[in-house]
Amino acid sequence: MQTLEIAGREFTSRLFMGTGKFSSNEIMKRAIEASGTQMVTVAMKRIELDDEQDDMLGHIMSPDICLLPNTSGVRDAEEAVFAAQMSREAFGTNWLKLEIHPDPRYLLPDSTETLKATEQLVKLGFNVLPYCQADPTLCKRLEEAGAAAVMPLGAPIGSNKGLRTRDFLQIIIEQSGVPVVVDAGIGAPSHAAEAMEMGASACLVNTAIAVAGDPVAMAVAFKQAVEAGRMAYEAGLGAVSDGMVAEASSPLTAFLLD
Amino acid sequence: MNVKVNGKEVSVQGTTLTDLIVQLALPQNGVAVAVDNKMIPRTQWSDYILREGLQIVVIKAACGG
């Protein structure tokens with residue numbers, strides 16, 4: 001498989017993982033290891049002064065893993081820039097998953113604010129990977145603004161509904177000059193495989209792994225699905241025939257007399 | 001002198017941001033501090049003189065996708 005390059009860093013794994021919703025840090029750590037991922041998202045929260053501090057970062061950090069802090073919780077570009085600066089200070093990285101979703105019901109990204117924030121954050125030296133609508137025009141605008149990759153959604157966050165935006169993802173992949181990471185909505189390994197077969201550069205998966213009956217086994221299933229999908233894309237899929245007419249794959253009469 | 005840290009009233013014993021971080025036994029790494037919505041780099045904590053009523057936010061990593 002070809003390696004993936006984003007902002008000058010090479011990735012041999014095309015499965016990116018989120019760290020939300022795991023039942024424990026230990027299971028999260030084992031799932032990350034089993035997935036083979038090299039890109040892992042984290043969020044930020046206010047420290048509770050009275051609570052015992054848990055060390056979730058310690059369960060993720062490894063030289064092979066690129067930390068991708070997100071801006072979850074911000075409502076506009078101004079808050080996103082502030083969150084990004086806090087993130088760079090806390091984690092010592094320029095990598096950033098920009099997500100601006102002011103609507104708590106559907107968690108859909110605000111395209112106007114996302115584009116505005118991308119323009120500002122690129123100038124501040126961040127490697128910006130915006131979570132965005134599966135809007136081909138927007139993705140080109142984000143690319144022009146300097147986004148290191150674009151991360152269009154397959155379906156709403158955590159919905160496990162798969163690639164509801166399939167046709168638009170296809171256009172985005174065809175047009176994009178930067179890597180396309182399908183983020184949100186991927187609920188089963190088959191969804192991830194489908195995205196990769198379409199030519200997506202990577203998939204970002206969280207809920208589907210974290211809430212599985214066996215998250216570690218599911219992480220392996222996603223690893224294999226992403227690899228299979230990518231290999232199929234690179235191998236070149238056969239054309240889909242029009243209509244219902246069959247195309248024989250065996251000679252029909254060669255051993256019979258006419 | 002009192003300041004608010006993550007919305008909670010704290011009586012400050014020292015004078016600088018570093019004094020406050022030490023007083024609250026907060027980790028020095030993996031965190032970021034903002035005062036009145038402006039991020040203060042850790043290299044400036046020891047010179048940052050606190051004043052009555054400042055709003056201080058301290059964040060750290062959390063699980064998220």
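Q: A nonpolar core is a set of buried Ala, Val, Leu, Ile, Met, Phe, Trp, Tyr and Cys residues joined through C-beta atoms within 7 Å; how many residues does the largest nonpolar core have?
A: The model is predicted, so local features need pLDDT of at least 70 and side-chain atom pairs count only at pLDDT 80 or more, while totals for chains, interfaces and linings use all residues. Residues are numbered from 1 along each chain as its sequence is written, and chains are lettered from A and ligands numbered from 1 in the order in which they are written. A residue is buried if 20 or more other C-beta atoms, placed from the backbone, lie within 10 Å of its own, exposed if 12 or fewer do, and partly exposed in between. Among the residues with the most contacts inside the largest nonpolar core are Leu129(A), Val181(A) and Cys203(A), and the number of residues in this core is 91.

Q: Which element gives the most to this core?
A: Helices (H or I, at least four residues) and strands (E, at least two) are DSSP runs, numbered from the N terminus. With 8 residues, the element that gives the most to the core is α2(A).

Q: On which helix do the buried residues Met28(A), Ala31(A), Ile32(A) and Ser35(A) lie, and on how wide an arc?
A: Met28(A), Ala31(A), Ile32(A) and Ser35(A) are the buried residues of helix α1 (residues 25-35) of chain A. An α-helix has 3.6 residues a turn, so residues three or four places apart point the same way. The arc is that of the directions from the helix axis to the C-beta atoms. The buried residues lie on the same side of the helix because their arc around the axis of α1(A) is only 100 degrees.

Q: Which residue just after α1(A) takes a positive phi?
A: The buried residues of α1(A) are covered by elements that include β3 (15-17), β4, α7 (207-210) and α8 (215-235) of chain A. Just after this helix, a positive phi of about 70 degrees is taken by Gly36(A).

Q: Which strands stand at the edges of the open sheet of chain A?
A: Strands of a sheet pair through backbone hydrogen bonds, either parallel or antiparallel, and two strands are taken as a pair if DSSP finds at least two bridges between them. This open sheet of 3 strands has the order β6-β7-β8 (chain A), with parallel pairing, and 4 bridges join β6(A) to β7 (residues 127-132) of chain A. Two of these strands have a single partner each, so one side of each is left without a neighbour in the sheet, and these edge strands are β6 (95-98) and β8 (151-152) of chain A.

Q: At about what angle does helix α3 of chain A run to β7(A)?
A: Axes are lines fitted to C-alpha atoms, for helices over the stretch in contact, and angles run from 0 to 180 degrees between N-to-C directions. Helix α3 (residues 111-123) lies across β6 and β7 of chain A, and its angle to β7(A) is about 175 degrees.

Q: Which element supplies the largest share of the side of chain A that touches chain B?
A: Two residues are in contact if their C-beta atoms, placed from the backbone, lie within 7 Å, and the contact between the chains takes 24 residues from chain A and 23 residues from chain B. β4 (39-46) and α2 (77-91) of chain A each supply at least two residues of the side of chain A. The largest share, 6 residues, comes from β4(A).

Q: How many bridges join β4(A) to strand β5 of chain B?
A: The two strands come from different chains and run antiparallel, with β5 of chain B covering residues 55-62. One bridge pairs Lys45(A) with Lys60(B), and the number of bridges joining the strands is 4.

Q: Which residue in the turn of the hairpin of β3(B) and β4(B) has a positive phi of about 50 degrees?
A: β3 (residues 31-35) of chain B is joined to β5(B) by 5 bridges, and 3 bridges join β3(B) to β4 (residues 38-40) of chain B, which run antiparallel. The hairpin has 2 residues between its strands, and the one in the turn with that phi is Asp36(B).

Q: Is Asn37(B) buried or exposed?
A: Asn37(B) lies in the loop between β3 and β4 of chain B, and its phi is positive, about 65 degrees, although it is not a glycine. Because Asn37(B) has 10 C-beta neighbours inside 10 Å, it counts as exposed.

Notes:
A nonpolar core is a set of buried Ala, Val, Leu, Ile, Met, Phe, Trp, Tyr and Cys residues joined through C-beta atoms within 7 Å.
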